[in-house]
Structures are given as structure tokens and as C-alpha cells.
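Subject: Structure for you to look at

Hi,

Here is the structure I promised to send over. Have a look at it first, and my notes follow below.

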Amino acid sequence: MPVIDVPKPEFMEDEEIAIFSDAVGKFLERAAPEKRVAGWREAGQVERAFWGEAGEAGLLGVSVPEEYGGHGGDFRHDLVVVDQVSKHGVEGFAASLHNVIILPYLVRHGTEEQKRKYLPRLVSGELVSAIAMTEPGVGSDLQSITTTATKDGNGYRLNGSKTYISNGQIADFVIVVAKTDPNERAKGISLVLLETEGAEGFQRGRKLDKIGLDAQDTSELFFDDVFVPGDAILGGVEGKGFYQLMGELPQERLIIAVQAMDGIERALDVTVDFVKSRKAFGQTVWDFQNTQFVLADLKAKGTAARVFVNDCIGRLLKGELDVATASMAKYWVTELQSEVVDKCLQLHGGSGYINDYPIARMYRDSRIARIFGGSNEIMRMLIARSI
């Protein structure tokens, strides 16, 4: 039995959801065993072929409408994929980025032509996606970006650089945040759709050496007079990019909270297994009162967090998740994840510092959650504005 045993919310009590979850789990067991995932960690990225396998198995674009090649599901189906990827320890496979963060931009804001051109290939895994927001020296202040998309005949020329781009080494479809009007701040931003194959002037930089997420490639991208056609502006209208970004942030921040919650649950489960089997001073580590008190405290906090996250998911499904609540979820659950993983590592003793143990990788991997998707300091600012 899992440590955090909260009743499944009503919106997940659906036989079709259960069948889909089982199918996803079986695919991951077969296609992404630990030996293969270890190879991804060593290489610093997921092999490109796996994305095609995942597409063929129906893991990509699960909430994309069927008319665009998707599977016609909703956010619940996205949650199933994210949950199963976490439970099976399929590190580096950025299904949440592809399915929950990037594809919705096309579904909700793309022109009909853009949807029909890109979505079927993103669903099949023919295209792997990335979104290029962050720039060196700019960080979370998107209104201050310097990458430009300048009019040139019947298209645009992209110039600039981006950094910390997940999937940067393997992505062949990139949504680039750029200024179509450098004299404006928010109103000057547009989202530019770029297919990288054959894009003259596009260059991938370093695969960045991180302290965690070993199997997830994170890269620099460079744009030197890269030409894109006139229909490459998402939605077909300049200056809408910032508002498109802001409109998708509640869902993006919620999925970060969901992943943090999955991380909390996994950390507690592996730690309980460890302390009940490891002996010290003639008894198991579990038999020490301190161990029981620490885990009782973490179970209580984790249970409260799961109830809150489930409530946020329910709000999202109803179209009622607001910016402040999503920010609270992202901020509080990622902070709790760091606390839980740190204390669980402590209960592992010296073993917790060895990368052979999952808790060691969780410790390193969880740290970024308090930074990406908007740092937790920014989340506090957004929450304060609602008071």
C-alpha cells in the first residue's frame, strides 16, 4: 500500500481512464526498463527513437482533438501519462513538456493551417517539441527578451539566443519567444513556430551540464538570420505571444505541482521500503521512534498536499483554475517536495548519498522544480497580488 493513500477523486473514477493507465504502464515497463533509462542518463538525453515508440503507443498528444491526429482525451489522460512516467522512473522523457505545455499552444491558439500542419506529426513522435523562452541574462522577465523576428519579404528573420531549453538537443519543432516589435514590451512579443530541419542559421549549442535531471537534455539554441515563413507566427497575428504565454501558465504550473506530488509519493514509498528492511543496532531503521515520527510528519503533509493538488486538477477541468491558486500549488508543493526528499535521504544514511539509490537522484532532480515555470519567489509575488 502506498504511504499516501488518498481516495481517487471522482473525476478520475472512469473505467476508460483506468484502462488507459494500465496500457501506459505496461508500455513503459516493456519499452523503458531501468537498463535503457540508465543509458539515457549516461548519454545525457533520451534516444530520439523512443519518442517514435511512445507516439506509436499512444502516449503523445493524448488530449489533442482527433481531427488533428490526436486521441481526443482531456487533461485527465495527460495526468495518466505524467503519473505513469513518474511511477516507472522513466527519467528524461519530457512527456509533460510535450503534451501539457507545448501542444496546447497549438490546439488553443494556432490557426487551422498550423494545427493541421504540425499536430499530427507531434502526436506521432515524428516531431519532438521544445519551447525557447529563457535568454542569458534575462531569466523570468520575458518582457525583456532580445531575440527578434524581423519582417523580411514574405517572412521573418530570427536573431538571438536562448538557454536552459529542455529537449534542445533533439527537438525538431521549437516555439520561439521573440520580439516582432522591439520597441514594445508585452505587446511586442510573438510566438514563432520553427521546424529546425534545414533551417539555415539555426544552431544547437552546448548540452548543459546540470546537477540533476541527468537523462534530460537541456541546451543553448542560437538563431542567426534564420528565415521562417510569414505564417509561422502562432495564431497568425503579431503581438499576441505574451498573452498566449500568460494564458497557459496556470496549467503549466499545475503540472509542475503534479510532478512534485508524484515525486513526494515516490520518495516516501521507496524510503519506507528501505527503512523497514535496513538493520542498525540490532533492529530495523523503522523501529526507531525518530524514523516513525519523521515519516508520520511527512505523510501528514503529503496527504494534505495531495488533497490540494486534486482540488486544483478539478478546478482546471472545470475551467476555474486561477493564476493565484496555480501559483500556490506550484510554490507550496515544490517546496514540500524538497523537504520530503531531503528528510527521506537522511533516513537512508550513507546510502542516500549514492547514486545507485533512487532517493539520491530524486534529491538532485527535485531542486529545479522551485526554479522553472517561474521561480517560487515569483509565485509568492503572484499570490500576494491576490490578497
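About 17,400 Å² of the chain is exposed, and carbon and sulfur atoms supply 51% of that (areas by the Shrake-Rupley method with a 1.4 Å probe; for residues, only the protein chains shown count as cover). Keep in mind that this is a predicted model, where local features need pLDDT of at least 70 and side-chain atom pairs count only at pLDDT 80 or more, while totals for chains, interfaces and linings use all residues. Residues are numbered from 1 along each chain as its sequence is written, and side-chain values use heavy atoms, with hydrogens and water left out.

Of the 387 residues, 53% count as buried (under 20% relative accessible area; exposed is over 50%, and partly exposed is in between, with a 1.4 Å probe and protein chains only). The chain has 11 helices and 9 strands (DSSP runs numbered from the N terminus: H or I of at least four residues for helices, E of at least two for strands). Its radius of gyration is 21 Å, close to the 21 Å that the globule rule gives for 387 residues, so the chain is as compact as a globular protein of that length (taken over C-alpha atoms; the rule is 2.2 Å times the number of residues to the power 0.38).

Now for the empty space. There is 1 cavity of 30 Å³ or more (on a 1 Å grid over the protein atoms alone, a set of points where a 1.4 Å probe fits but cannot get out; a pocket is an open set with protein on both sides within 12 Å along at least five of seven lines, and lining residues have an atom within 4 Å of a point). The largest cavity holds about 30 Å³ (the space filled by probe spheres set on the points, which are joined across faces, edges and corners). Its lining is Val100, Ile101, Pro104, Tyr105, Glu248, Gln251 and Glu252, and α5 (95–109) gives the most, with 4 residues.

The second largest pocket comes to about 760 Å³. It is lined by 28 residues, with Asp83, Lys87, Asp262, Glu265 and Arg306 nearest its centre. Helices α1 (15–31), α4 (75–87), α7 and α8 (289–317) each supply at least two lining residues.

One last residue: Glu377 sits in helix α11 (residues 376–385) and counts as exposed, at 52% relative accessibility. Its C-alpha is 8.3 Å from that of Tyr331, 46 residues away along the chain.

Cheers
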